[in-house]
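Please find below a short note on the model under review. The points are set out in the order in which they may be checked.

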Amino acid sequence: MSYTSPAAGPVTNPQLAASWPDWIGDHTTALIGIPLRIALIVVVLLVLRAVAKRAITRVVQRVLEPSAGEAERGRPRRPARGAAVLHRDRSRARQRREQRARTIGSVLSSAVTIVLFMIGVAMVLDQVGIALGPLLASAGVVGLAIGFGAQSLVADYLSGLLIMVEDQYGVGDSVDLGEAVGEVEHVGLRLTHVRDLNGGLWHIRNGEILRVRNDSQEWARAVLDVAVAHDADLDTVYRVLEDTGRALREEPDFADVLLEEPVVWGVQSVDADGVLVRLAAKTVPQQQWGVTRELRRRVKEALDEAGVEDPFPRRTGWLRGDGPDGRSEALTG
């Protein structure tokens, strides 16, 4: 039996005293190493996110800066005679470019943030000893359910992103999207806003757009069909149309609008009403309708001066009057 002196006080258990340093030594990795590794993961991900956002910002700024070709085209010079380049209103072109660049930059920034956040969460959970297999399986099931429920929304966003990346159309363009025909006022990731001729604003989901006709890219064409009588001299008609188109292009108001000299394509059709002759002119985008109206007016005046009859000449008939005054009545048709 051991004896403990009351004056000496309680004797400390050597096994208990030795267990604390051992426990601290055994759990040093859990107390210090894991938090340090988690902090390092967070710092590295934040640095990667900052670098990625900076790179995206530089790309957006480069897109917003006008290219050397655009700057050269912006200088006053003699109008080009030949193949058309991209002609648009400069203010609208810049607005279109800014919208595309900022939207794509925002999408890329959000995508980078989400991807890095998911990677960081997975790495942190792995450090604290939580199994990722069941979590990934559960997330896959939830994502599959959300995908089936919101597949139209996902299709809208993907279509909107592709529309912007491929530059199918933008703000200020005249487009035909099926029932919606008019001028584009806004292009978003989910919706496109089109103002039609009557002033109505169409809201079209990007996922429902199957085909697009854009009348505002590269160049346009003014097409005028002129109807003349069967007995009209086609050589005279051709000469009048060519002279009218040439005179229109030589005017200062239309020198920058007409990219090429109007060309007579020839007889388009022959029917019971008359002969249809087609005149075509290449114009800058969104100016083809004004050129067509002006050509129609001038061609009408020139054909009248040349004595070319239209398919429905005016005929005058006389009916013998049976009234007391004995006067006859003229019928014109």
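The points below concern a sheet, a helix packed on it and a surface patch.

1. The model is predicted, and the comments should be read on that basis. Its strands β6, β8 and β7 form an open sheet in that order, with antiparallel pairing. The edges are taken by β6 (220-228) and β7 (263-270), each of which pairs on one side only. Between neighbouring strands of this sheet the average turn is 25°, direction ignored.

2. On one side of β8 (residues 275-283), nine bridges join this strand to β6, and the two run antiparallel. The register can be checked at Ala220, whose bridge partner in β8 is Thr283.

3. The pairing of β7 with β8 is likewise antiparallel and comprises six bridges. Here Val270 has Val275 of β8 as its bridge partner. The connection from β7 to β8 is a hairpin of four residues.

4. Helix α9, spanning residues 288-306, lies across β6 and β8. Its direction makes an angle of about 25° with β6.

5. A separate point concerns the surface. Ile114, Phe117, Met118 and Val121 make a nonpolar patch of about 430 Å². Of these residues, Val121 is found in helix α4, which covers residues 90-127.

6. Is Val121 buried or exposed? Val121 has a relative accessible area of 34% and is therefore partly exposed, since that class lies between the limits of 20% and 50%. The patch criterion requires over 30% relative accessible area, a condition that Val121 meets with its 34%.

Conventions: Residues numbered from 1 in each chain as written. Predicted model: local features only at pLDDT ≥ 70, side-chain atom pairs only at ≥ 80, totals over all residues. Heavy atoms only, no water. Pairing = 2+ DSSP bridges. Axes fitted to C-alpha atoms, helices over the stretch in contact; angles between N-to-C directions. Contact = heavy atoms within 4.5 Å. Patch = residues over 30% accessible without salt bridge, like charges linked within 9 Å, V, L, I, M, F, W, Y side chains within 5 Å. Areas by Shrake-Rupley, 256 points an atom, 1.4 Å probe, with all protein chains shown as cover. Salt bridge = Lys/Arg side-chain N within 4 Å of Asp/Glu carboxyl O. Buried < 20%, exposed > 50% of the residue type's maximum accessible area, 1.4 Å probe, protein only.
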